[in-house]
Amino acid sequence: SCTIPAEFPTMNTIELYRKASTATTYYRVNATYSTLSGGALQVATDTGNVSAADALYTTGGIIENQPYPTMTSFCVHNSRMFAVDELTKTRVYYSKPFDISVAPEFVGEEFSLVCFDNRTAVNEPIVAIASMDDKLVILKDDSIFVVFGDGPNAAGVGQFSEPKLVSSDVGCANPASVVLTSVGVMFQSKKGIWLLSRALEVKYIGADVEQYNDLEITSAIALPKENQVRMTTRTGVALCYNYYYNQWTTYSNYAAQSATMYKDKFTHLTTAGLINKESTGFTDNSSAIQMSIRQGWIKLTGLQHFQRIYKLQVIGTYKSTHTIKFRIYYDYEDYAWDEYVITPLASGYNTTTKPTVSTLYTGANDGVYQWQVNLKRQKCEAIKFELYDESITGESCTLTGMSLIIGLKDGLNKLPSNKRF
């Protein structure tokens, strides 16, 4: 038996291990407890239930577990947990290989990595870590490292590679912006939004959303079924990147503290403390949201060359009664030159009944949501379109595509006389 002094904190469970005098392996044994005068605890052990299944976990040369320091920026990689030391932010600790019967086990600095940039004498703090294929990605403020290998087993046999520097002028400024996609790891740097490809190429992909570089990204979530990454901010703007088409869009009404995928649906915590989960409906928290679309500049012959836009057609799906305002901008101007009001037919869509030719000529609907705009001003060097739905009580419509008839003209755009010298 043994005695635990009263000054020790109260213990709900005590595990005792013992071995035979001639043995080397310790085994767990049953224990009974009795309180002595003064509060000390006497423990008596039963030696009759020793079994091989209850051997001490260090049996066989397994390294003893150690408490780990306060951690930040966790990730799971290669069947281990990795985390950054929050105090110094210069060391990455990793666990033993996972054992499904116990929680992740750490062993101290023996199982850790330090990324040192030999170009400087300063060990720059680590901002975030991520797992990509067989590589652990370590992102610092102005540099990126990767680590290869399987690492040591629970007995300390084996190792990871030394951290390899793959970028010395681009790093990560915001750990909340780091997200793994099918094309690589995306992240926000001090220079905008970048991608570390699976081939370890560092690519700038954020040129189209540079105007939002000052916003704090609060989460970055991959939606693989939509080939999409959504980055939320506290202001309400969400940056959405389609990595199949390499196209950016923005969402409004997305002010979020954080976000995740829950039951395969994008779910975010609003700055007001509400949890919103994406659905197939068209309202946000029971409020209809106005559709607004503005394209980038279309300039098929070059930045300042001449082109002619004759007409355009839009096709989509009719959902409910609505009116669309369609604005046209020319030649890099910040104001709309023309505005058209589109009032689609209010019924007869999505029908499977063939209308008669005579009714079509008298204004009946053929069942297709489609409309055309003949442009009043056609000659330009660049053009862009903006449309928004004035009716926000219903689902309105979904748009599938837009086609234009464009003629290419020789030479530069023709400027007025007060711009020619």
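# A guided tour, beginning at Arg230

Leaving out neighbours within four places in sequence, Arg230 touches Ser219, Ala220, Ile221, Leu223, Leu239, Cys240, Tyr251, Tyr254, Phe266 and Glu278. Please note that the structure on display is a predicted model.

**First stop: Arg230 and its strand**

Select Arg230 and show its side chain. The residue lies in strand β18, which covers residues 228-233. Is Arg230 buried or exposed? Its relative accessibility is 3%, and buried means under 20%, so Arg230 counts as buried. Next, add Gln228 to the selection. The side chains of Arg230 and Gln228 make a polar contact at 2.6 Å.

**Second stop: strands β18, β19 and β20**

Keep Gln228 in view and extend the selection to β19. Asn242 in β19 is the bridge partner of Gln228. Strands β18 and β19 run antiparallel and are joined by 4 bridges. Together they form a hairpin with 4 residues between them, and Gly236 in the turn has a positive phi of about 110°.

Now colour β19, residues 238-242, by burial. How many of its residues are buried? The strand is mostly covered, with 5 of its 5 residues buried. Ala238, Cys240 and Asn242 point one way, Leu239 and Tyr241 point the other way, and all are buried. Two of these residues, Leu239 and Cys240, have already appeared among the contacts of Arg230.

Continue along the chain to β20, residues 247-251. Strands β19 and β20 pair in the antiparallel sense over 5 bridges. Within this pairing, Leu239 stands opposite Thr250 in β20. These two strands also form a hairpin with 4 residues between them; Asn246 in the turn has a positive phi of about 55°.

**Third stop: an open sheet**

Select residues 179-181 and 202-204. These are β13 and β16, the edge strands of a sheet, and each pairs on one side only. Add the strands that lie between them in the sheet order. The open sheet has 4 strands in the order β13-β14-β15-β16, with antiparallel pairing. Its neighbouring strands are turned by 30° against each other on average, with direction ignored.

Within this sheet, focus on β14 (residues 184-189) and β15 (residues 192-197), which pair in the antiparallel sense over 6 bridges. One pair to display here is Gln188 and its bridge partner in β15, Ile193.

**Fourth stop: the largest nonpolar core**

Select Phe326, Ile328, Trp371, Val373, Leu375 and Ile383. These residues have the most contacts inside the largest nonpolar core, which has 21 residues. Which elements give two or more residues to this core? They are β27 (305-318), β28 (324-330), β29 (338-342), β30 (369-374) and β32 (383-389). In soluble globular proteins, nonpolar side chains tend to be buried together.

Show the side chains along β30. Tyr369, Trp371 and Val373 point to one face and are buried, whereas Gln370, Gln372 and Asn374 point to the other face and are not buried. In a regular strand, the side chains alternate between the two faces of the sheet.

Centre the view on Trp371. Apart from neighbours within four places in sequence, Trp371 is in contact with Leu312, Gln313, Val314, Ile324, Phe326 and Ile342. Leu312 also stands opposite Val373 in β30. Strands β27 and β30 run antiparallel and are joined by 6 bridges.

A second core can be displayed alongside. This separate core has 17 residues, including Tyr94, Ile126, Phe145 and Val147.

**Fifth stop: Leu300**

Select Leu300, which is placed in the loop between β26 (292-294) and β27. Is Leu300 buried or exposed? At 53% relative accessibility, with exposed meaning over 50%, Leu300 counts as exposed. Neighbours within four places in sequence aside, Leu300 is in contact with Gln307, Ile406 and Leu408. Add Gly407 to the selection as well: its C-alpha atom is separated by 9.6 Å from that of Leu300, although the two residues are 107 residues apart along the chain.

**Last stop: the whole chain**

Finally, clear the selection and show the entire protein chain. Its secondary structure comes to 1 helix and 33 strands. Of its 421 residues, 36% are buried. Among contacts with a separation of 6 or more, 52% are between residues 24 or more positions apart. The chain exposes about 24,100 Å², and carbon and sulfur atoms supply 50% of this area.

Note on methods: Residues are numbered from 1 along each chain as its sequence is written. This is a predicted model: local features need pLDDT of at least 70, side-chain atom pairs count only at pLDDT 80 or more; totals for chains, interfaces and linings use all residues. Side-chain values use heavy atoms; hydrogens and water are left out. Buried means under 20% relative accessible area, exposed over 50%, partly exposed in between (1.4 Å probe, protein chains only). A polar contact is a pair of N or O atoms within 3.5 Å; within protein, one must be able to donate a hydrogen and the other to accept it, and residues adjacent in sequence count only if both atoms are side-chain atoms. Contact means heavy atoms within 4.5 Å. A nonpolar core is a set of buried Ala, Val, Leu, Ile, Met, Phe, Trp, Tyr and Cys residues joined through side-chain atoms within 4.5 Å. Two strands pair if DSSP finds at least two bridges between them. Axes are lines fitted to C-alpha atoms, for helices over the stretch in contact, and angles run from 0 to 180 degrees between N-to-C directions. Accessible areas come from the Shrake-Rupley method with a 1.4 Å probe; for residues, only the protein chains shown count as cover.
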